[in-house]
Amino acid sequence: MSAVATKRYFPLRPIQRRLMDAHFKKAKSTMMNVGALLKLPSSLDPEMIAEVLNEILETHDIFRCRLEFHPETSDLCQTFDTDPPEIEVKKISDEDFEKRIEKLKEPYEIIENPLFRIYVFETPTAGYMYTDFYHAIMDGTSIALLFVKELDIRYRGRFLNHTPGSYARYVSEESMIPEEELAEGHAYWRSMLLNFDRQKNLPAPDISGGKAWSKGEYKTKIKNVSDEYFHTHTGKENIFFLAAALLTLAKVTGADEAIVNRVHNGRVTAREYRIMGLMMDQFPCYRDFHDDLKVEDFLNELEGQVQSDLMYRKSLDIVYNEGLADDCPGFIFQKNIAPDHVMIGDSQAIVIDMPPNDMSAAENSLDIEVRATETGIYDLILDYDAGRYSDRLMKNFAATFDEIILNMQSKDILISKILHG
């Protein structure tokens, strides 16, 4: 029997196709590279690190993933029957390693090639581990909560207390959900996105003629709230900051309405939390502020809406496949997902900042990220299209966001007062 006949082709998940479509705007960029460089302490053995990494690659089928065109339909599909490349320790001088760092992060040749890069280096003075995953196969939860945790467990000589989930099986099962089971959710998302208007619901650009999709980033600490506030008040951090993002967009655009693509880790069941792969989803979240209400009522309504959204998460394919929310600003709240170190065995491996990369590109016109730090302070990170927006405009956006956060702590204040007072 021929190799083509025995090979099994799986469809792309809609979110995979959504990310890849975004990448094709800047196909030679590193916008979809997700990873980190770790400096290993002398207590960690690079050879053992490499051995453990190979065990992980063999265990999880996501590392066998290749993107290929189906030989009969020409559809872009994914396969899971190619052995992952073996990781070996690369011995290198300190000087050559410093030069090598500059070329670690490179664009992926995505067709019929491995969709991750993992290197272990050993120099005369230190060991290093570099991990880089194509975002269409791995998300932050998979990396921070599964991959790193399993590396720690295996390095300690322990065994997993569960059977790892199969990404291929999950993709196959999801693709066979009957259309009639998705219809109600399709109507739900279509209704929510009916009024989205790029010209009205995105901040007006203040740059013209700039290089499209060039990556800009503005990062600042949020001054007007710390985690102590959430220790003494009811309500969830993610809902509070989602509300602040919606209100900021409404105020900046003057539209009395706002919409964002809210990033969710895509895991609801215990089984899903055991699957390494791209599981995240982007939930459109629309709010109309023409009907006035108190902040406390708004937060309660928003939490209810977020819970309702989860009922229709499998119907998000209509949003991705038809591009209904492609231009929406993004929002993500991150906690315990981007530490400055990771534990391997009983040792700390330090995250090393990568040098600037001129192959970077913006994934969206505007992404709003709130990141909880270990000190109880929150960072606001605005990733934006620098061919559309200036750093000055993003600085003003951040100041408005912080001001709205302060106002929201008065639960009886009316939304109209925040937006127009």
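This report looks at two buried loop residues and the nonpolar cores of a predicted model.

Local features need pLDDT of at least 70, side-chain atom pairs count only at pLDDT 80 or more, and totals for chains, interfaces and linings use all residues. Residues are numbered from 1 along each chain as its sequence is written, and side-chain values use heavy atoms, without hydrogens and water.

Two loop residues come first. Helices (H or I, at least four residues) and strands (E, at least two) are DSSP runs, numbered from the N terminus. Buried means under 20% relative accessible area, exposed over 50%, partly exposed in between (1.4 Å probe, protein chains only).

| Residue | Loop between | Relative accessibility |
|---|---|---|
| R267 | β9 (257-264) and β10 (281-288) | 2% |
| S390 | β15 (377-385) and α13 (391-408) | 14% |

R267 counts as buried because its relative accessibility is 2%. Contact means heavy atoms within 4.5 Å. Leaving out residues up to four places away in sequence, R267 touches several residues, including D139, L146 and Y273. R267 and L146 are 121 residues apart in sequence, yet 12 Å apart in space, C-alpha to C-alpha. The side chain of R267 also makes a polar contact (N or O atoms within 3.5 Å, one able to donate a hydrogen and the other to accept it; residues adjacent in sequence count only if both atoms are side-chain atoms). Its partner is the side chain of S142, at 2.6 Å.

S390 has a polar side-chain atom 3.1 Å from the backbone nitrogen of L393. Beyond four places in sequence, S390 contacts D206, I207 and Y384.

Now the cores. A nonpolar core is a set of buried Ala, Val, Leu, Ile, Met, Phe, Trp, Tyr and Cys residues joined through side-chain atoms within 4.5 Å. The largest has 70 residues, and I62 is among those with the most contacts inside it. Another core, of 50 residues, lies apart from it and includes L202 and F289.
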